[in-house]
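Reader: I would like a close look at one part of this model, followed by an account of what surrounds that part. Please keep it to what can be read from the coordinates.

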Amino acid sequence: MKVAFATQDLTRVDAHFGWARNLAIYEVTAEDYRFVEAVQFAEEKEDGNEDKLAAKIDAIRDCAIVYCAAIGGSGAARVVAAQVHPLKLAQPEPIIELIVKLQGVLRGVPPPWLRKALLKGEERKFDFADEV
């Protein structure tokens with residue numbers, strides 16, 4: 001699955017989603033990860049301008065998760081509407097450490113929200129025989 005990280009320095013999640021200079025995107029599996037791309041944006045100001053979110057949401061549209069230091073209510077709603085799960089961190093953390101933690105969860109029994117995120121882009125299949 002693809003995972004996005006809101007970052008100012010491309011090494012840590014240290015940015016508010018709406019005014020992050022970069023979104024670092026990685027492909028992450030339980031066994032491996034690889035850097036896909038860094039999407040860069042002009043330096044944003046905390047100005048309440050909702051239009052700046054469109055480009056960021058377009059950049060993460062094929063991601064399952066976006067990690068950020070903070071995200072506003074309307075930004076979070078728009079991210080969720082794009083079927084991306086926002087994860088807000090209490091303090092800056094290195095991207096690689098977050099990936100390693102995520103891989104540990106993927107190797108175990110992922111929580112329901114993560115299982116749903118893993119299915120992003122796949123056709124939903126219902127096997128009613130499993131419901132009995």
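Which residue meets D58 in a salt bridge through its side chain, and at what N to O distance?

Author: The model is predicted. In it, the side chain of D58 meets that of R61 in a salt bridge, with 3.1 Å from N to O. R61 is partly exposed, since its relative accessible area is 41%, and a residue counts as buried only under 20% and as exposed only over 50%.

D58 lies within the range of helix α1, residues 52–60, so the sheet under that helix is the next thing to describe. The sheet is open and has 5 strands, in the order β4-β3-β1-β5-β6, with mixed pairing. β4 (33–40) and β6 stand at its edges; each has a single partner strand, so one side of each has no neighbour in the sheet. On average, neighbouring strands are turned by 20° against each other, direction ignored. Helix α1 packs on this sheet and touches β1, β3 (22–28), β4 and β5. The direction of α1 makes about 15° with that of β3.

At the β6 edge, the partner strand is β5 (residues 65–68), and 4 bridges join the two, which run parallel. In this pair V66 stands opposite P86 of β6, and Y67 stands opposite L87 of β6. Between the two strands the chain passes through α2, and this β-α-β crossover from β5 to β6 is right-handed.

The loop between α2 (73–81) and β6 (85–88) holds Q83. Phi of Q83 is near 65°, a positive value in a residue other than glycine. Most residues other than glycine have a negative phi. Q83 is exposed, because its relative accessible area is 59% and the cut-off for exposed is over 50%. L10 also has a phi near 65°, again positive in a residue other than glycine. The position of L10 is in the loop between β1 (2–7) and β2 (12–13). With a relative accessible area of 33%, L10 is partly exposed.

Next come the nonpolar residues. The largest nonpolar core has 21 residues, and those with the most contacts inside it are F17, L23, I60, V66 and V79. V66 is thus part of this core as well as the residue opposite P86 in the strand pair. The elements giving two or more residues to the core are β1, β3, α1, β5 and α2. Of these, α1 gives the most, with 4 residues. L23 shows what the contacts look like for one core member: leaving aside residues up to four places away in sequence, L23 touches F5, A6, F17, E37, A38, V39, F41, K56, A59 and I60. Two members of that list, F17 and I60, are also named among the core residues with the most contacts.

A second, separate core has 20 residues and includes A30, L89, I99 and L114. A30 is also a contact of Q103, a residue of helix α3 (residues 95–107). Besides A30, Q103 touches V28, T29, E31, D32 and Y33, with residues up to four places away in sequence not counted. Q103 is buried, as its relative accessible area is 7% and the cut-off is under 20%.

To return to the charged pairs, the count comes to 5 salt bridges, the one between D58 and R61 being among them. Another joins the side chains of E93 and K101, at 2.7 Å from N to O. E93 is buried, with a relative accessible area of 16%, whereas K101 counts as partly exposed at 46%. The side chains of R12 and D14 also meet in a salt bridge, at 3.1 Å from N to O. R12 is partly exposed, with a relative accessible area of 34%. Through salt bridges that share partners, D9, R12 and D14 are joined into one network.

Notes:
Residues numbered from 1 in each chain as written. Predicted model: local features only at pLDDT ≥ 70, side-chain atom pairs only at ≥ 80, totals over all residues. Heavy atoms only, no water. Buried < 20%, exposed > 50% of the residue type's maximum accessible area, 1.4 Å probe, protein only. Contact = heavy atoms within 4.5 Å. Salt bridge = Lys/Arg side-chain N within 4 Å of Asp/Glu carboxyl O. Pairing = 2+ DSSP bridges. Right-handed = clockwise from strand over helix to strand, strands pointing away. Axes fitted to C-alpha atoms, helices over the stretch in contact; angles between N-to-C directions. Core = buried A, V, L, I, M, F, W, Y, C linked by side-chain atoms within 4.5 Å.
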